[in-house]
Amino acid sequence: MPEASTNRIDQAHEAAGPAEPGTPAPHIADLFARDGVTASFEFFPPKSREAADGLYAAISELAPLKPSFVSVTYGAGGSTRELTRDLVLRLIRQTPLHPVPHMTGVCHSPAEIEAMLQAYTAAGVRNIMALGGDAPAGHTGADPYEHFRYGVDMVRAVRAFSDRQLPGNRRLGIGVGGYPEGHAATPNRLLEMDHLKAKVDAGADFIITQLFFDNHDFYDFRERCELAGIRVPVIAGIMPITSTRGMARMAELAAGSRFPAPLLRALRRAGEDPELVRRVGVHWATEQCRDLLDHKVAGLHLYTLNRSTATREIYLTLGVRDSRALA
Ligand SMILES: Cc1cc2nc3c(=O)[nH]c(=O)nc-3n(C[C@H](O)[C@H](O)[C@H](O)COP(=O)(O)OP(=O)(O)OC[C@H]3O[C@@H](n4cnc5c(N)ncnc54)[C@H](O)[C@@H]3O)c2cc1C
């Protein structure tokens with residue numbers, strides 16, 4: 001690792017307080033009990049030294065916000081298998097942050113999933129985001145869904161691993177994805193809720209939602225969960241728009257996301273000015289967070305895109321210096 005990165009991550013540790021790095025993370029249920037409202041930041045594993053420096057700089061600036069946990073994405077099919085693992089292990093060993101690794105089942109065998117879970121639990125991970133994942137574009141060869149097709153298959157795998165490998169201990173906390181505006185593969189929204197319920201019945205402890213820009217979609221989703229008998233906390237996924245290009249990418253990645261007309265009008269007023277676009281996007285996300293807190297959201301999950309500025313500005317405008325003041 002370059003020296004600059006090491007210094008940055010050391011600073012992150014100092015900034016966030018005296019917690020012992022390398023100690024097992026708390027179970028998600030304990031984090032909810034401790035924090036009332038959880039705050040979490042999502043990172044993706046950097047693919048170059050330059051990107052790693054940027055990420056570690058962001059982490060050192062975000063650590064003082066004392067998130068309940070941070071999550072690290074996984075490239076479906078295994079494209080970031082080592083990178084995700086390395087970042088998770090580094091966060092555990094060198095910072096007081098509690099990483100929750102994402103795991104996707106597509107293209108993996110049960111033995112590969114088991115090996116990843118072994119490495120994570122040995123390092124002190126206590127919570128996993130269990131996802132189905134999409135087959136990589138252009139995938140050829142064996143059926144990518146031979147062993148794991150849906151998120152529920154991964155929930156079962158993590159649960160079975162816990163029962164087998166952690167007997168007597170508390171099993172791993174399991175998070176799953178939820179889609180307030182629906183998931184493209186299931187146009188039938190009643191059926192989709194049945195599939196989400198199946199994940200919770202199989203052992204999921206919490207739901208993190210796909211990004212959304214209209215809180216009504218989240219509130220309606222949360223109510224539909226309640227009506228379906230889903231009793232686990234639903235954490236709201238928020239992604240501040242920081243550039244026009246980023247917004248276009250988001251529209252592709254989170255296909256189906258609705259961009260409300262008032263947001264689009266404000267962005268149109270900002271025109272080509274990147275700073276104005278950024279301010280409009282961060283203001284919109286801040287208002288979403290404020291409103292969600294007023295409506296007793298279980299947790300806020302910020303898609304940071306490995307940067308810190310937007311998240312820090314959101315906190316300041318919410319009137320909080322760190323996550324413990326959110327509840
Ligand atoms: C918070 C969050 C984090 C994410 N992180 C990552 C990541 O790190 N890496 C990555 O590659 N992707 C990630 N994704 C994207 C996710 O992998 C894709 O959206 C994937 O298509 C859905 O996976 P899932 O486990 O969320 O959904 P699933 O539960 O697998 O559902 C996907 C679709 O299948 C349908 N379905 C479920 N069960 C059945 C069944 N038994 N029969 C028929 N249909 C069924 C559902 O209704 C839905 O339409 C993330 C998504 C979210 C919301």
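Here is a short conversation about a predicted model.

Colleague: Happy to look at this with you! Which helix gives the largest share of the shell around the ligand?

Modeller: Good place to start. Strand 3 (99-104), strand 4 (127-131), helix 6 (151-165) and helix 7 (189-201) each supply at least two residues of that shell. The largest share is three residues, and it comes from helix 7.

Colleague: And how many residues of the shell around the ligand are polar?

Modeller: The ligand is surrounded by 23 residues, with T73, A76, G132, G151 and G177 the closest. Eight residues of the shell are nonpolar and three are charged, while the polar ones number twelve.

Colleague: Let's go to strand 2. Which of its residues point the other way from F69 and S71?

Modeller: In a regular strand, side chains alternate between the two faces of the sheet. Strand 2 covers residues 69-72, and its residues named here are all buried. With F69 and S71 pointing one way, the residues that point the other way are V70 and V72.

Colleague: Nice. What is the handedness of the crossover from strand 1 to strand 2?

Modeller: Strand 1 (residues 38-43) and strand 2 run parallel, joined by four bridges. One bridge partner pair is F43 with V72 in strand 2. The chain passes from strand 1 through helix 3 to strand 2, and this β-α-β crossover is right-handed.

Colleague: Through which helix does the chain cross from strand 2 to strand 3?

Modeller: Strand 2 pairs with strand 3 in the parallel sense over three bridges, and V70 has P99 of strand 3 as its bridge partner. This β-α-β crossover is right-handed too, and the helix on the path is helix 4 (residues 81-94).

Colleague: Now the interior: which helix gives the most to the largest nonpolar core?

Modeller: Nonpolar side chains tend to be buried together in soluble globular proteins. Here the largest nonpolar core has 83 residues, and M103, A130, V158 and I238 touch the most other members. With seven residues, the helix that gives the most to this core is helix 3 (residues 49-62). As for A130, its contacts beyond four places in sequence include M103, V155 and V158.

Colleague: One last residue, V152: is it buried or exposed?

Modeller: V152 sits in helix 6. Beyond its neighbours within four places in sequence, V152 is in contact with A198, K199 and A202. V152 and V200 are 48 residues apart in sequence, yet their C-alpha atoms are 8.4 Å apart. Because V152 has 23 C-beta neighbours inside 10 Å, V152 counts as buried.

Definitions and conventions
Residues numbered from 1 in each chain as written. Predicted model: local features only at pLDDT ≥ 70, side-chain atom pairs only at ≥ 80, totals over all residues. Near = placed C-beta within 6 Å. Nonpolar A, V, L, I, M, F, W, Y, C, P; charged D, E, K, R; others polar. Core = buried A, V, L, I, M, F, W, Y, C linked by C-beta atoms within 7 Å. Buried ≥ 20, exposed ≤ 12 C-beta atoms within 10 Å, placed from the backbone. Contact = placed C-beta atoms within 7 Å. Pairing = 2+ DSSP bridges. Right-handed = clockwise from strand over helix to strand, strands pointing away.
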